[in-house]
Amino acid sequence: MANAQSGKMIVGLDVGTSKVVALVGEVASDGQLEIVGIGTHPSRGLKKGVVVNIESTVQAIQHAIDEAQQMAGCRIHSAFVGVAGSHIRSLNSHGIVAIRDREVSQADIERVLDAAQAVAIPADQRVLHTLAQDYVIDNQEGVREPLGMSGVRLEAKVHVVTCAVNAAQNIEKCVRRCGLEVDDIILEQLASSSSVLTDDEKELGVCLVDIGGGTTDIAIFTEGAIRHSAVIPIAGDQVTNDIAMALRTPTQYAEEIKIRYACALAKLAGAGQTIKVPSVGDRPPRELSRQALAEVVEPRYEELFCLVQGELRRSGFEDLIPAGIVLTGGTAKMEGAVELAEEIFHMPVRLGLPQGVRGLDDVVRNPAYATGVGLLLYGLRKQGSATFASGVVEDSKPPMFERFKRWVQGSF
């Protein structure tokens, strides 16, 4: 049972194309997050990160939430939710304001960020994030924390992320139909970067590639800040479809074969190893070598990595990421994916596992949970443990009673 006295709980909800993941994290007394509940359920209501069937999505979210509540022994009433899809757009912008009272205050920082995000965006898009890269005070560049510094003019360089209004509203609608409030909507690769990238990598220059079921999300960091983000609408589902078509087997069996036997690099798959492939209808299953399966999978991974490389070149940051590529997401953990990526990108590649949380380590140290864990860490940073309004309440105590009890305790 979660610690009722602390009341500091955060919930992350990763509504993905292939699965919905709900994670419940408790903020310990030392400020660290401990995972106390996990719920997962296959997702059928999304296509390439966008809701196409509200009823199916609501059911998947509800099942994942129920499972997480049961494990954590608590009732969830709000969550940080991830968003992805090819409707995501991003651009770099900047804003300038005069500093009031010759010393930078929090109000000045908020004003300059508002000025920076005042860019022309299509009517069907809305600003999702305005992420500060660095600040300039009176021609002094490279300022990371301007608060309290003296000057006359404050300039902010920012990365603005926008999303389709209706896509975000549909996600919110599905979450609210499960009786939950949305604490915030977060770009999925931004969340994943919180859990799998180190500060050194972000400082040196790194590209995160989060390969999910429906989309491949890219985020490029240099000098500690996000510089470019993009979404490619090709991911694990296309690999499954290729296997189903090539091996003439139903999609659910193709997904199982992909997870258990597939290899992204044919030369790593043993020619002597054979697998049984179920056939369509009443036909008997067939035997196939694992190498033949890898020859079906490798071209799709190669195509995906070439698309990522093309996006890297367009961004202009291909030569500015000495820390290389970090692959994460459920589709990235396939055997041979890292080796194939190194052959294509000609730079260091590693598999990113979620870090920075405690509890249920054996389960969450898996690339498939990178976004879910990242949502928790993002929520912890955004809300601040001291002022956080719990996303979870104990079954036996309604939130009003908890608030009254804390108020009474604080009065004596």
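The largest nonpolar core holds 67 residues. L13, V15, V24, L33, I61, I88 and L128 make the most contacts inside this core. The model is a predicted one. I61 shows how the core draws on separate stretches of the chain: beyond its neighbours within four places in sequence, I61 touches L13, V15, V20, C174, V175 and C178. A second core, separate from the first, has 40 residues. Among them are V277, L293, A332 and I344.

**The four-stranded sheet**

Four strands make an open sheet, in the order β8-β11-β9-β10, with antiparallel pairing. The edges are β8 (89-98) and β10 (140-143). Each has a single partner strand, so one side of each lacks a neighbour in the sheet. From one strand to the next, the twist averages 35 degrees. Strand β9 (residues 125-137) and strand β11 (residues 153-164) run antiparallel and are joined by 11 bridges. Within this pair, A132 stands opposite V158 of β11. Helix α3 (residues 165-177) packs on the sheet and touches β9 and β11. The direction of α3 makes about 70 degrees with that of β11.

Helix α2 (residues 106-116) also meets strands of this sheet. Its buried residues include D108, I109, V112, L113 and A116. Why do they lie on the same side of α2? They cover an arc of only 135 degrees around the axis, so they share one side of the helix. In general, an α-helix has 3.6 residues a turn, so residues three or four places apart point the same way. The buried residues of α2 pack against β8, β9 and β11.

**A covered strand and its two hairpins**

Strand β14 (residues 216-222) is mostly covered, with seven of its seven residues buried. In a regular strand, side chains alternate between the two faces of the sheet. Both faces of β14 are covered. T216, I218, I220 and T222 are buried on one side, and D217, A219 and F221 are buried on the other.

β14 pairs with β13 and with β15. Strand β13 (residues 206-211) runs antiparallel to β14, and six bridges join the two. C207 has I220 in β14 as its bridge partner. A hairpin of four residues leads from β13 to β14. Strand β15 (residues 225-232) pairs with β14 over seven bridges, again in the antiparallel sense. Here T216 has I232 in β15 as its bridge partner. The hairpin between β14 and β15 has two residues between the strands. In that turn, E223 has a positive phi of about 50 degrees.

**Salt bridges**

Side chains of opposite charge can pair when their charged atoms come close. The structure holds 18 salt bridges. Three of them are listed here.

| Pair | Closest N to O | Relative accessible area |
|---|---|---|
| R176 and E172 | 3.6 Å | R176 40%, E172 15% |
| D242 and R300 | 2.8 Å | D242 21%, R300 18% |
| E343 and K267 | 2.8 Å | E343 39%, K267 64% |

R176 and E172 are four residues apart in helix α3, so about one helical turn separates them. R176 is partly exposed at 40% relative accessible area, whereas E172 is buried at 15%. Both belong to a network of salt bridges that links R126, E172, R176 and E181.

Which parts does the salt bridge between D242 and R300 tie together? D242 lies in helix α6 (residues 236-247) and R300 in helix α8, so the pair ties together parts that are 58 residues apart in sequence. D242 is partly exposed. R300 is buried.

E343 and K267 meet in a salt bridge through their side chains. This pair links distant parts of the chain, 76 residues apart. E343 sits in helix α9 (residues 337-345). K267 sits in the loop between α7 (251-261) and β16 (274-277). E343 counts as partly exposed, and K267 as exposed.

**An exposed residue of α8**

R314 lies in helix α8 (residues 290-315). Is R314 buried or exposed? R314 is exposed, because its relative accessible area is 63% and the cut-off for exposed is over 50%. R314 and Q117 are 197 residues apart along the chain. Their C-alpha atoms are separated by 23 Å.

Terms used:
Residues are numbered from 1 along each chain as its sequence is written. This is a predicted model: local features need pLDDT of at least 70, side-chain atom pairs count only at pLDDT 80 or more; totals for chains, interfaces and linings use all residues. Side-chain values use heavy atoms; hydrogens and water are left out. Two strands pair if DSSP finds at least two bridges between them. Axes are lines fitted to C-alpha atoms, for helices over the stretch in contact, and angles run from 0 to 180 degrees between N-to-C directions. Contact means heavy atoms within 4.5 Å. Buried means under 20% relative accessible area, exposed over 50%, partly exposed in between (1.4 Å probe, protein chains only). The arc is that of the directions from the helix axis to the C-beta atoms. A salt bridge is a side-chain nitrogen of Lys or Arg within 4 Å of a carboxyl oxygen of Asp or Glu. A nonpolar core is a set of buried Ala, Val, Leu, Ile, Met, Phe, Trp, Tyr and Cys residues joined through side-chain atoms within 4.5 Å.
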